[in-house]
Amino acid sequence: MEFDDDNVRRRVVEEDRLSSLPDELIHKILSCFDIKFVVQTCLLSSRWEYLWTSMSCLNFSSFSPLPKFAKFMTNVLSHRNHQVEVSSVNLDFHGAASQVFVKKIAKYAFSHNLQQLTVVCFPKKHHQYPSCLFSSKSLQHFTLSNHPFSYAPCLTPKTPWDFPALTTLHLSHITLCDDHTEKSVDLFSKCVNLKNLTLKRFTVMDVEVFDIITPLLSNLVLIDCRRSISINLIAPQLENLTVLDCAISYLNVPAGVSSLCYRGYDPRKLSKDRFHSLNKVSICLSMYKLYKAYEEEDAIETINMLQELHCARYLTLSVDIVECLSSFPDLVSHHPSPFSNLNCLTIDSSRRSDAYKVKMSTEVRNFLLENSPKAIFTMELPEEPPTKAMKQKEARVKRKAKLAAEIESDMKDLQGSIEQGNMIVDQKEKAKAAFDNIISISSKKSQIRSLLEKLPKRDRVELEARFSLQLEEEEALRGRLLSEIVNSEEDRCAFEKLISDYLSSYDQDVSDSKLPPGSQMPSSSSTSGC
């Protein structure tokens, strides 16, 4: 068979719909892949030869050895179309961020109006981020992170970061640099347009106060601060504040916060008379300690913390708070309820597997709800886990239910066989049909008797009564069948003996449902005796 090469090539070209897409759409598709793969597309055809050079989104993931990766990245930047701006850069590599190639890509990208930058490194030893990473007139979104499994500290510059266009900043596993000459540190005051700030697993070295000064900040998330410090928030536009597992000794909060989420092991001192705009509050304190009673000081600090949140409308408290306060009813009863605006109070038990043990005292309920009688109150506690005796009882109930279901099914089959036997007298070849029917009925009776013996006596009374009625019906059916198909008493005896012999072999686990070898249906002239 001969092929038309030109026709095949023409069809391939016609079916290459990807190449016919606009450059902008192809660039968007390629932005999902690492730049190494993107560069390789230049080999596809002349259409793709220079397409990668005008990519505005660059994703660099290191491959070993690192010098080879650095050389590759340098070549990519040098051959790129320099007339095209760089909108985003993702850089993920093993090694210190102080590497020369990191400075080179930062300088190149910032000079091409970079808007989004993500840097994730896995350093092997202590280093400091280059200062060139922290100054850009165009950058709007910045994510800087150490790999979670890298324990080498990475210090940021001491001076305030210069990002006048930055709106979103996410820092993870970062050590914020100290300045030994000052008692406080300020890094974000030049980020005048910053609206969203997330600091996760961070450390602020050798200072007493960490200042977060941002005029337009709206959302602040602090997670796992590793060192006990005071945090001073100078952010008049702040609306949403989340503080999770932070070793913060004091938190100064602006007055406009409407949503507060706090999680920690102990209550924290909050700034006084600042939470007048609160709408939604979630406080999770993990104060419970196995085999150790709550301390009165914990209850006092918790009450003081809750009193500062008196304007909350939707309040969620962890079950530990309820349990701690309920341990000191006399203490709680001396404090009036601070909550007069509550619409909903929820007690969260999701972080305690044994929360079913917790009981809320009347004094605590009054402290939380007395001044908000119309508030919706929800406290859903988990069910107590079953004991060993309860599990054993449940297993017995399941076994009995399974046996009863099997007996019901077998009795239903037996009834069907009896009804079938009642119709055999009107069929031809009555002897063979009657024999098969009696065998089927007898095996089902044996199975039902065996199952009934496994049930406790009190559970089988009703089933045995129904089974007795079936046995009476079966006995009448057997007499009728024998009277219809045998002509003499000798034939009757021979027929019943054959059935008896077969059932004996059935009881010995013979699975073959046919007659035993050598057996034959008795004829009307049989002379066998009973």
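This report walks through the cores, a sheet and the cysteines of a predicted model.

## Ground rules

Local features need pLDDT of at least 70 in this predicted model, side-chain atom pairs count only at pLDDT 80 or more, and totals for chains, interfaces and linings use all residues. Residues are numbered from 1 along each chain as its sequence is written, and side-chain values use heavy atoms, leaving out hydrogens and water.

## Nonpolar cores

The largest nonpolar core (buried Ala, Val, Leu, Ile, Met, Phe, Trp, Tyr and Cys residues joined through side-chain atoms within 4.5 Å) runs to 112 residues, and Phe60 and Phe210 have the most contacts inside it. Buried here is under 20% relative accessible area, exposed is over 50%, and partly exposed is in between (1.4 Å probe, protein chains only). Helix H5 (residues 100–111) gives this core the most, with 7 residues; helices are DSSP runs of H or I, at least four residues, and strands are runs of E, at least two, numbered from the N terminus.

Apart from that core lies another, of 16 residues, including Leu403 and Met411.

## The parallel sheet

Four strands make an open, parallel sheet, ordered E9-E11-E13-E15; strands pair if DSSP finds at least two bridges between them. E9 (184–186) and E15 (248–252) sit at the edges with a single partner strand each, so one side of each has no neighbour in the sheet.

E9 is joined to E11 (residues 209–213) by 3 bridges, and Val185 has Phe210 as its bridge partner in E11.

## Cysteines

There are 0 disulfides (cysteine sulfur pairs within 2.5 Å) in the structure. For Cys246, the nearest cysteine sulfur is that of Cys225, 5.3 Å away. Cys246 is buried, at 7% relative accessible area, while Cys261 is partly exposed, at 26%.
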